[in-house]
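This report describes one protein chain for a reader who is new to structural terms. Please look through the sequence and the model before reading on.

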Amino acid sequence: MMSARCLCAVLLLAALAACSNVGTSGAPTPPVSSNPPPTPPPTPPPTPPPTPAVGTDVVMYKNDLARTGQNLTETVLTPANVNSAGFGKLRFLATDGKVDAQPLYLSGLSVAGAAHNVVFVATENDSVYAFDADNGATLWHVSLLGSGETPSGPQSCGQVVPVIGVTSTPVIDRAAGPHGAIFVVAMSSAGADFQRLHALDVTTGAELFGGPKQISASYRAPGGAAISFDPGQYEERAALLLLQGTIYTSWTSHCDHAPYTGWIIAYAELTLAQSAVFNIAPNGTGSGPASAGPAIWMSGGGPAADTAGNIYLLAANGAFETTLNTNGFPNLGDYGNSFVKLATSAGTLSVADYFALYNGPSESAADEDLGSGGALLLPDMSDAGGTVRHLMVGAGKDGNLYVVNRDSMGKYSASGNDIWQELTGALGGGIWSTPAWFNGTLYYGPFGNNLLAFSASAAHFALTPTSRSAATFEYPGTAPAVSANATSNGIIWAHENSSPAVLHAYEAGNLAHELYNSSQAANARDQLGPGNKFITPTIADGKVFVGTQTGVAVFGLL
C-alpha cells in the first residue's frame with residue numbers, strides 16, 4: 001500500500017507533466033522534434049542592372065569621325081540579357097516636336113552640383129533638351145527661336161514636315177567653354193528665313209562664344225560669277241562635323257527646288273567666325289536632276305574624316321563635267337554623284353580626290369542619287385600581299401556597294417569604274433541610310449530588303465551577304481548601330497519606320513538571330529508610336545535611345 005507522502009509525489013509529477021504540454025490557448029502542445037524543418041531563407045531583392053565600369057560619351061552622329069556607328073564600351077547590354085522578358089521600354093522623354101536628329105549622350109556630367117548621365121535631344125520645333133538619362137528628369141530646355149520667330153517649313157516640300165527647325169544631328173565638344181558645348185544648326189522664320197549656328201553650354205543651355213551665328217556665304221565658281229547662300233533655299237540635313245577645332249556644315253535643298261548648289265560652310269569652334277566656304281557644284285542650276293547642285297544630305301549621315309584631317313562625303317545627283325582637266329578633275333569644278341575627298345590644309349577647303357560613277361550623268365538624269373547614302377571609313381586593312389589599305393564604302397539608290405581606296409579614289413572614266421571593289425546589285429535595294437561596321441563586318445539596311453551583313457577578308461568583301469535578318473525594312477530602310485564590349489557581346493540595333501515603329505536587336509555574328517524587337521511584349525509595353533525616317537538608335541551605358549515624332553523612347557534592362 002502506497003503511503004500518503006508517495007501518493008502526493010506521484011500526483012505532483014503527473015500535474016507538472018500535464019502543464020508542460022499545454023500552450024497559451026490551453027490546447028496541448030505537440031512535442032518538439034529533435035529534427036525541426038529548416039527555416040526558409042528570406043526572398044532576395046531583385047538584382048539591379050549591372051553598372052557600367054566606365055561611362056560612355058556619344059558626341060557625334062554614328063559615334064566617331066569614321067561614322068562606323070559602333071559603341072565598343074557597352075558592358076551592360078549583352079545578347080544574353082537583351083530579350084523581351086528582361087529588356088524593354090523604361091520611359092518616354094516627351095518633347096515639343098519631332099526628333100529627327102540622333103540623340104547625343106554624356107556620362108557623369110556635373111549639372112547644378114550633381115553628376116548626371118545626360119541625353120541631349122534636338123527637335124524640329126527649334127528646341128534643345130538635356131534629360132537625365134536614368135530618371136527622365138528635364139535638366140534644362142531652351143528654345144533657339146529669336147523674338148517673333150517660328151520654325152520654318154515645310155517649304156512646299158514633304159521631306160521634313162510639318163515644320164523645319166533642327167534637322168541635323170548636333171555635335172558636342174566636352175572640352176569647349178567652361179563646361180562643354182553642343183553645336184546646333186537651327187532654321188527659323190519671321191517672314192524671311194534664317195539659318196543659325198548655336199553653341200550651347202551642356203550644363204545650362206546658355207549660348208556660348210557670342211552665338212548664335214547667322215549663316216551666310218558667297219562663293220565664286222571657277223571662271224564664273226559669285227553666288228550667294230540663300231538660307232530659305234537650304235536645309236541642314238547632314239550631321240555636323242567637328243574636326244580639328246572647326247565646325248563643318250553642309251547643305252541640301254527642299255525637294256530639289258531650284259536653285260541650289262553644293263555648299264560646305266565652316267566655322268571656328270571657339271569664336272563661331274566663318275573660316276572657310278566651298279561649293280562642290282557651284283555651276284549647278286537646279287533646273288533638273290542632272291544639272292542640280294548637287295545636294296549634300298546622305299539621309300542624315302555626316303561627312304566623315306580621317307586622322308590626317310581630310311573630309312569625305314557622298315554627293316547627290318547633279319552637275320558633273322565629263323570634260324576633265326589635265327589632273328583628271330571636272331573642268332568646271334562640279335562633282336554630282338561622286339565620292340568627294342576634301343583637303344582642309346591652311347584653313348581652306350579644296351577637292352583632293354574624287355570618284356564619279358561612269359554612268360553618273362545618266363543616273364543623275366534619272367534622279368538616282370549616289371548621295372542618298374552616307375560615307376563610312378573602314379579601319380586599316382591589309383590586302384593579300386600585306387599592303388595596308390585605307391578604304392571607304394558608300395552606296396545610293398542604284399543598289400550597288402562601292403568600296404573606294406582613299407589614297408587613289410579612281411576619278412572618272414566613261415569606260416567603267418576604276419575603284420577598289422564594286423559589288424553590283426549586292427544590296428538588293430536602294431540605300432536611303434548609313435551603314436555600320438563591327439569586328440570585320442559591314443552592315444547595310446536597304447529599302448525593301450533585309451538588314452545585311454558583309455564580311456571582309458584581305459581588304460575585300462564577300463560578294464553576297466554572310467547573314468541577313470528575317471525582317472525587311474520599308475522606306476527608307478534602316479541605319480544600324482552597334483553595341484559591344486570591345487569585340488565581344490556585339491548587338492546590331494535597327495529602327496523600322498513602320499506604324500508603330502519597331503526597335504530591333506540582332507546578334508552581330510548572325511543577323512538571322514533576332515534577340516528582341518519592341519513589338520514582342522504584351523500589352524504594347526514597348527510601343528514607340530508612329531515611325532519616323534532616318535532614325536539611328538543611340539546606345540550608351542545600358543540604355544538605347546530612339547527618336548520618335550514626339551520625343552525619345554528609352555530602352556534598357558527592366
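## Contacts and overall make-up

In the protein chain, 60% of the contacts with a separation of 6 or more are between residues 24 or more positions apart; a contact means heavy atoms within 4.5 Å. This is a predicted model, in which local features need pLDDT of at least 70, side-chain atom pairs count only at pLDDT 80 or more, and totals for chains, interfaces and linings use all residues. Residues are numbered from 1 along each chain as its sequence is written, and side-chain values use heavy atoms, with hydrogens and water left out.

The secondary structure consists of two helices and 41 strands. Helices (H or I, at least four residues) and strands (E, at least two) are DSSP runs, numbered from the N terminus.

Of the 558 residues in the chain, 56% are buried. Buried means under 20% relative accessible area, exposed means over 50%, and partly exposed lies in between, with a 1.4 Å probe and protein chains only. The chain exposes about 21200 Å², and carbon and sulfur atoms supply 56% of that area. Accessible areas come from the Shrake-Rupley method with a 1.4 Å probe; for residues, only the protein chains shown count as cover.

## Strand β9 and its partners

Strands of a sheet pair through backbone hydrogen bonds, either parallel or antiparallel. Here two strands count as paired if DSSP finds at least two bridges between them.

Strand β9 (residues 181-190) is mostly covered, with nine of its 10 residues buried. The table lists antiparallel pairings of β9.

| Partner of β9 | Bridges | A bridge pair |
|---|---|---|
| β7 (residues 150-151) | two bridges | Thr 150 and Ser 189 |
| β8 (residues 171-173) | three bridges | Ile 172 and Ile 182 |
| β10 (residues 192-201) | 10 bridges | Ile 182 and Leu 200 |

Ile 182 has Ile 172 as a bridge partner, and Leu 200 in β10 is a bridge partner of Ile 182 as well. β9 and β10 form a hairpin with one residue between the strands, where Gly 191 takes a positive phi near 90°.

Another hairpin is made by β37 and β38, with two residues between them. Strand β37 (residues 502-507) and strand β38 (residues 510-517) are antiparallel and share four bridges. In this pairing, Tyr 506 stands opposite Glu 514 of β38.

## Two open sheets

One open sheet has four strands in the order β2-β41-β40-β39, with antiparallel pairing. Its edge strands are β2 (87-94) and β39 (538-540), each of which pairs on one side only. The twist from one strand to the next averages 25°; axes are lines fitted to C-alpha atoms, for helices over the stretch in contact, and angles run from 0 to 180 degrees between N-to-C directions. Between β2 and strand β41 (residues 551-557) there are seven bridges, and Ala 94 has Gly 551 in β41 as its bridge partner.

A further open sheet of four strands follows the order β15-β16-β18-β19, and its pairing is antiparallel. Here the edge strands are β15 (241-243) and β19 (274-279), each pairing on one side only. In this sheet the twist averages 20° from one strand to the next. Strand β16 (residues 246-250) and strand β18 (residues 263-268) are joined by five bridges, and Thr 246 is partnered by Ala 268 in β18.

## Aromatic rings

How many aromatic pairs does a search of the whole structure find? The search finds 23. Rings of Phe, Tyr and Trp (its six-membered ring) pair if their centres lie within 6.5 Å; planes under 30 degrees apart count as stacked, over 60 as edge-to-face and the rest as tilted.

The rings of Phe 229 and Tyr 234 have centres 4.9 Å apart and planes at 15°, so this pair is stacked. Phe 229 counts as buried at 6% relative accessibility, and Tyr 234 is buried with a relative accessible area of 4%.

For Phe 320 and Tyr 354, the centres are 6.2 Å apart and the planes are at 50°, so the pair is tilted. This pair links distant parts of the chain, 34 residues apart: Phe 320 is in the loop between β21 (311-314) and β22 (338-343), while Tyr 354 is in strand β23 (residues 350-356). Both Phe 320 and Tyr 354 are buried. They belong to one aromatic cluster with Phe 329, Tyr 335 and Tyr 412.
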